[in-house]
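Here is a short briefing on side-chain contacts. Keep the structure open while reading.

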Amino acid sequence: MAQARVKARKESVFGERFSVFAETLLTGVWIAVGCLGVVTYPAAFAAGARHLRRRIGHEGGGWREFVADFRAAVRGGWAAGLAGWAVAAAVWVDVLAARAGLPGGRFVGAVGLFALIGLTVALLRAAAVWTPDASWRALLADAVRRTVLDPAGSFLIVGGLAVVALSGAFVTPLAVPVLGAVAAAAVAVEERYRRR
């Protein structure tokens, strides 16, 4: 009796890329849910980025793994989230000073705004390479260095943030799944930097 050969069906390139895109949007929803804790946004992005790295690497993973990663990332990530809100509050004070017409207020407001954007990019870059055994302090220090040394990659992440802001401005519910695109952009930028 001849043994029948069965070929494993290979997914088309289009199908594989579309499934990664769909997974990115779903991850954006998971990230949005993780951000509900106000200071948990670094942990949510870290868990989302790790989920996307697993997906791109053809490893298993789903909601349970995301939640496990989120719990691990919250342990140190809440302090980074709190510090981020403190920086945002300081920039808001700078912007208010600029609006009030104080001498040098516009300059201080502009510097504060650029610093906030730079720190946001560094936070996203740190989240993109997070692992459960990593220290947030070390991750952020390395991410700040990469943010400065890789301006092209940092600009790509700023573009991702702009897409989220514009999506939210036009159709508010779109900002939620597009958060996954920001995490994917950060993962892609970090992979690009690693391969240089």
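A residue counts as buried under 20% relative accessible area, as exposed over 50%, and as partly exposed in between. Trp63, at 44% relative accessibility, is therefore partly exposed. The model is a predicted one. The points below cover salt bridges, a histidine, aromatic pairs and a surface patch.

**Arg54 and its surroundings**

- Arg54 sits in helix α2, which spans residues 41-56.
- Its relative accessible area is 11%, so Arg54 is buried.
- Arg54 and Asp69 form a salt bridge through their side chains, with N and O 2.9 Å apart.
- Asp69 belongs to helix α3 (residues 63-100) and Arg54 to helix α2, so this pair ties together parts 15 residues apart in sequence.
- Asp69 is also buried, because its relative accessibility is 6%.
- Beyond the neighbours within four places in sequence, Arg54 contacts Glu59, Gly60, Gly61, Glu65, Phe66 and Asp69.
- Glu65 lies eleven residues from Arg54 along the chain, and their C-alpha atoms are 10.0 Å apart.

**Salt bridges around Glu190**

- The structure has nine salt bridges by the rule used here.
- One of them joins Arg125 to Glu190, with the closest N and O atoms 2.5 Å apart.
- That pair links distant parts of the chain: Arg125 is in helix α4 (residues 105-128) and Glu190 in helix α7 (residues 175-195), 65 residues apart.
- Arg125 and Glu190 are both buried.
- Arg146 also forms a salt bridge with Glu190, and here the closest N and O atoms are 2.7 Å apart.
- This second pair likewise links distant parts of the chain, with Arg146 in helix α5 (residues 136-149) and Glu190 in helix α7, 44 residues apart.
- Why does Arg146 count as buried? Its relative accessibility is 8%, and the cut-off for buried is under 20%.
- Glu190 has a relative accessible area of 7%, so Glu190 is buried by the same cut-off.
- A network of salt bridges links Arg125, Arg146, Asp150, Glu190, Arg192 and Arg196.
- Arg125 has a ring partner as well: Arg125 lies over the face of Tyr193, 5.8 Å from the ring centre.

**His51**

- His51 is found in helix α2.
- Is His51 buried or exposed? His51 is buried, because its relative accessible area is 2%.
- Leaving out neighbours within four places in sequence, His51 is in contact with Glu23, Thr27, Trp30, Gly61 and Gly62.
- Gly61 appears among the contacts of His51 and among those of Arg54.

**Aromatic pairs**

- How many aromatic pairs does the structure hold? The count is five.
- In one pair, the ring centres of Trp30 and Trp63 are 5.4 Å apart and the planes stand at 65 degrees, so the pair is edge-to-face.
- Trp30 is in helix α1 and Trp63 in helix α3, so to speak of the chain, the pair links distant parts 33 residues apart.
- Trp30 is buried, because its relative accessibility is 11%.
- Trp63, its partner, is partly exposed at 44%.
- In another pair, Tyr41 and Trp85 have ring centres 6.0 Å apart and planes at 85 degrees, so the pair is edge-to-face.
- This pair also links distant parts of the chain: Tyr41 is in helix α2 and Trp85 in helix α3, 44 residues apart.
- Tyr41 has a relative accessible area of 16%, so Tyr41 is buried.
- Trp85 has a relative accessible area of 45%, so Trp85 is partly exposed.
- Ring pairs also link Trp30, Trp63, Phe66 and Phe70 into a cluster.
- Phe66 is in that cluster and is also a contact of Arg54.

**Nonpolar surface patch**

- Which residues form the nonpolar patch on the surface? They are Leu26, Val29, Val33, Leu36, Trp63 and Val176.
- Together they have about 530 Å² of accessible area.
- Helix α1 (residues 13-34) gives the most to the patch, with three residues.
- Val176 lies in helix α7.
- Val176 is partly exposed, because its relative accessible area is 32%.
- Trp63 is in the patch and also in the ring cluster with Trp30, Phe66 and Phe70.

Terms used: Residues are numbered from 1 along each chain as its sequence is written. This is a predicted model: local features need pLDDT of at least 70, side-chain atom pairs count only at pLDDT 80 or more; totals for chains, interfaces and linings use all residues. Side-chain values use heavy atoms; hydrogens and water are left out. Helices (H or I, at least four residues) and strands (E, at least two) are DSSP runs, numbered from the N terminus. Buried means under 20% relative accessible area, exposed over 50%, partly exposed in between (1.4 Å probe, protein chains only). Contact means heavy atoms within 4.5 Å. A salt bridge is a side-chain nitrogen of Lys or Arg within 4 Å of a carboxyl oxygen of Asp or Glu. Patches are made of residues with over 30% relative accessible area and no salt bridge: like charges are joined within 9 Å, nonpolar side chains (Val, Leu, Ile, Met, Phe, Trp, Tyr) within 5 Å. Accessible areas come from the Shrake-Rupley method with a 1.4 Å probe; for residues, only the protein chains shown count as cover. Rings of Phe, Tyr and Trp (its six-membered ring) pair if their centres lie within 6.5 Å; planes under 30 degrees apart count as stacked, over 60 as edge-to-face and the rest as tilted. A charge sits over a ring if NZ of Lys or CZ of Arg is within 6 Å of the ring centre and within 35 degrees of the ring normal.
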